[in-house]
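Dear colleague,

I am passing on the structure we talked about, and below it you will find my notes on charged side chains and a few individual positions. Please read them with the coordinates open beside you.

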Amino acid sequence: MSSLPNKKLFIQTMGCAMNEKDSENMIAELCIKDNYILTATLEDADLIILNTCSVREKPVSKLFSLLGEINKQKKQKAKIGVCGCTASHLSSEIIKRAPYVDFVLGARHVSKITQAIKTKGFVDVDIDYDETAYQFGSFETQTYKRKINISIGCDKSCTFCIVPNTRGSEISIPKELILQEISKAVDGGVLEVLLLGQNVNNYGKTFSNKNSKSSFVELLRDISKIKKLKRIRFASPHPLHMDDEFIDEFVTNDKICKNIHIPLQSGSSKVLKDMRRGYTKEWFMNRCQKIRELSKDVRISTDIIVGFPTESQKDFDDTIDVIKKVKFDQIFNFKYSSRPNTQAEHFSSIVSKEQASSRLEQVIELHKTQIDEKMPSNINKTYKVLFEQKKENGNFIGFSDNGYQIEVQNEKDILGEILDVNITNFHRTYLEGKII
Ligand code: 5AD
Ligand code: SF4
């Protein structure tokens with residue numbers, strides 16, 4: 001540890017869990033190697049990092065007004081860095097439009113953060129860079145849970161998606177490094193890991209070292225052998241790669257939490273083809289049906305895009321049909337947003353803005369009704385809950401294996417324990433229960 005006084009780092013993260021993990025890695029690099037400490041007050045910071053998302057247009061258009069605000073509020077000598085997907089996508093354009101920005105670091109260059117902060121005008125956004133063998137220090141945001149990257153980039157070419165242009169092609173992180181990182185986390189008290197990748201179940205298709213070999217199922221089996229690790233989650237699997245072997249492992253491996261995110265995008269086989277998703281409505285429904293049959297209390301969440309340029313009323317009806325049949329437990333809804341350098345950018349649209357908004361509304365309303373119908377069925381069920389937070393009123397909050405937030409009253413401290421809870425009450429977004 002250096003004896004220099006600490007410098008303060010303010011970091012704002014937009015977007016997905018992958019970006020959150022990248023921010024944790026940057027914080028670890030800066031705190032361990034460069035004597036930074038975190039601050040939640042922008043005005044106190046010596047270094048301000050925006051870790052950006054460019055999956056939809058809105059956050060990108062807000063970036064420059066946000067940067068302007070930051071520039072007004074910051075300490076005079078504080079540095080500003082733009083990292084993440086919008087950094088990859090806009091590159092040196094960011095410094096041209098906002099010359100007070102000190103550096104721009106793309107989503108595949110997290111390991112270069114200590115270098116970037118030292119050079120005014122530093123720009124590195126090359127999407128071929130391979131940092132899969134880099135070992136980051138750890139920054140703990142949660143005591144019992146840890147996010148673990150298992151791959152970088154994406155090897156798909158969904159026609160609506162900018163990610164392959166910002167995060168580059170897919171490379172898996174060597175299995176030994178993943179196992180080492182988890183073992184270390186577990187020795188420090190972590191009980192649950194969230195494995196992260198754009199398409200986790202494509203793990204092992206491409207490694208930097210051509211001799212490495214492992215499938216996702218083999219990785220899951222090896223991770224499960226880590227004794228003190230109690231729970232495994234992952235996000236997100238791609239429906240196309242959900243073969244029977246994957247589903248069997250998911251339903252039979254006791255350490256794998258029975259809560260799975262399966263991004264549908266559209267329920268119409270025609271639109272799925274236009275999106276180049278590689279599966280049909282029937283395949284998607286068959287996979288969900290199989291999972292529901294084999295795992296009684298499984299919860300399935302999804303992503304849905306409405307208003308894709310070629311989505312007719314009939315196509316949208318197919319999406320509604322899938323929602324009605326699969327009965328998703330959670331839906332992340334998006335209105336299609338045209339992105340630069342994607343194929344769909346050039347599709348002419350048959351959907352008006354009003355139709356897209358109305359479709360979004362219909363999905364939201366249908367889902368609400370389904371949730372209201374489903375929540376009461378939790379009464380009297382027993383779930384295993386990992387308790388991780390104590391509220392001001394003394395109640396404890398945790399998550400069940402299948403991903404429900406559950407609140408209980410208890411005299412004794414139960415943080416870090418996994419306990420059986422009998423459900424006594426329900427709300428739209430959480431359950432209440434008693435420890436048994
Ligand atoms: N427009 C709207 N939603 C998008 N997503 C990705 N690209 C777009 C886009 N151009 C959504 C997808 C993906 C989620 C992370 O973001 O549903 O699964
Ligand atoms: Fe984007 Fe498709 Fe890759 Fe997901 S799988 S990151 S939606 S290109």
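**Salt bridges across the chain**

In this predicted model, the side chains of D315 and K270 come together in a salt bridge, with an N to O distance of 3.8 Å. The two partners belong to distant parts of the chain, since D315 sits in helix α12 (residues 313-326) and K270 in helix α10 (residues 269-274), 45 residues apart. D315 has a relative accessible area of 5% and is therefore buried, whereas K270, at 44%, is partly exposed.

A second pair, K381 and D297, also meets through its side chains in a salt bridge, here at 3.1 Å from N to O. This pair again links distant parts of the chain: K381 is in the loop between α13 (353-374) and β15 (382-390), while D297 is in the loop between α11 (281-294) and β13 (299-306), and 84 residues separate them. K381 counts as partly exposed, because its relative accessibility is 28%.

The third pair I would point out is R299 with D329, a salt bridge in which the closest N and O atoms are 4.0 Å apart. R299 lies in strand β13 and D329 in the loop between α12 and β14 (330-335), so this salt bridge ties together parts that are 30 residues apart in sequence. R299 is buried, with a relative accessible area of 10%, and D329 counts as buried too, at 6% relative accessibility.

Beyond these pairs, K281, D318, D321 and K325 are linked in a network of salt bridges. The count for the model comes to 39 salt bridges.

**Charged patches on the surface**

Which residues gather in a patch of negative charge on the surface? They are E218, D243, E245 and D248. Within this group, D243 lies in the loop between β11 (231-235) and α9 (244-252), and its relative accessibility of 37% is why D243 counts as partly exposed.

A positive surface patch is formed by K58, K62, K335 and K353. Of its members, K335 can be found in strand β14, where K335 is partly exposed, with a relative accessible area of 36%.

**Two further positions**

S295 has its place in the loop between α11 and β13, which is also the loop that holds D297 of the salt bridge with K381. With a relative accessible area of 7%, S295 is buried; leaving aside residues up to four places away in sequence, S295 touches V251 and K258.

D420 is found in strand β18 (residues 418-426) and is partly exposed, its relative accessible area being 30%. If residues up to four places away in sequence are again set aside, D420 touches T382, Y383 and K384 as well as K434, I435 and I436. As a point of orientation across the model, D420 and Q73 are 49 Å apart in space, measuring from C-alpha to C-alpha, and 347 residues apart in sequence.

When you go through the model, I would suggest starting with the salt bridges and then turning to the patches.

With best regards

How values were computed: Residues are numbered from 1 along each chain as its sequence is written. Chains are lettered from A and ligands numbered from 1 in the order in which they are written. This is a predicted model: local features need pLDDT of at least 70, side-chain atom pairs count only at pLDDT 80 or more; totals for chains, interfaces and linings use all residues. Side-chain values use heavy atoms; hydrogens and water are left out. Patches are made of residues with over 30% relative accessible area and no salt bridge: like charges are joined within 9 Å, nonpolar side chains (Val, Leu, Ile, Met, Phe, Trp, Tyr) within 5 Å. Accessible areas come from the Shrake-Rupley method with a 1.4 Å probe; for residues, only the protein chains shown count as cover. Lys and Arg count as positive and Asp and Glu as negative; His and the chain ends are not counted. The place of a charge is taken as NZ of Lys, CZ of Arg, CG of Asp or CD of Glu. Helices (H or I, at least four residues) and strands (E, at least two) are DSSP runs, numbered from the N terminus. Buried means under 20% relative accessible area, exposed over 50%, partly exposed in between (1.4 Å probe, protein chains only). Contact means heavy atoms within 4.5 Å.
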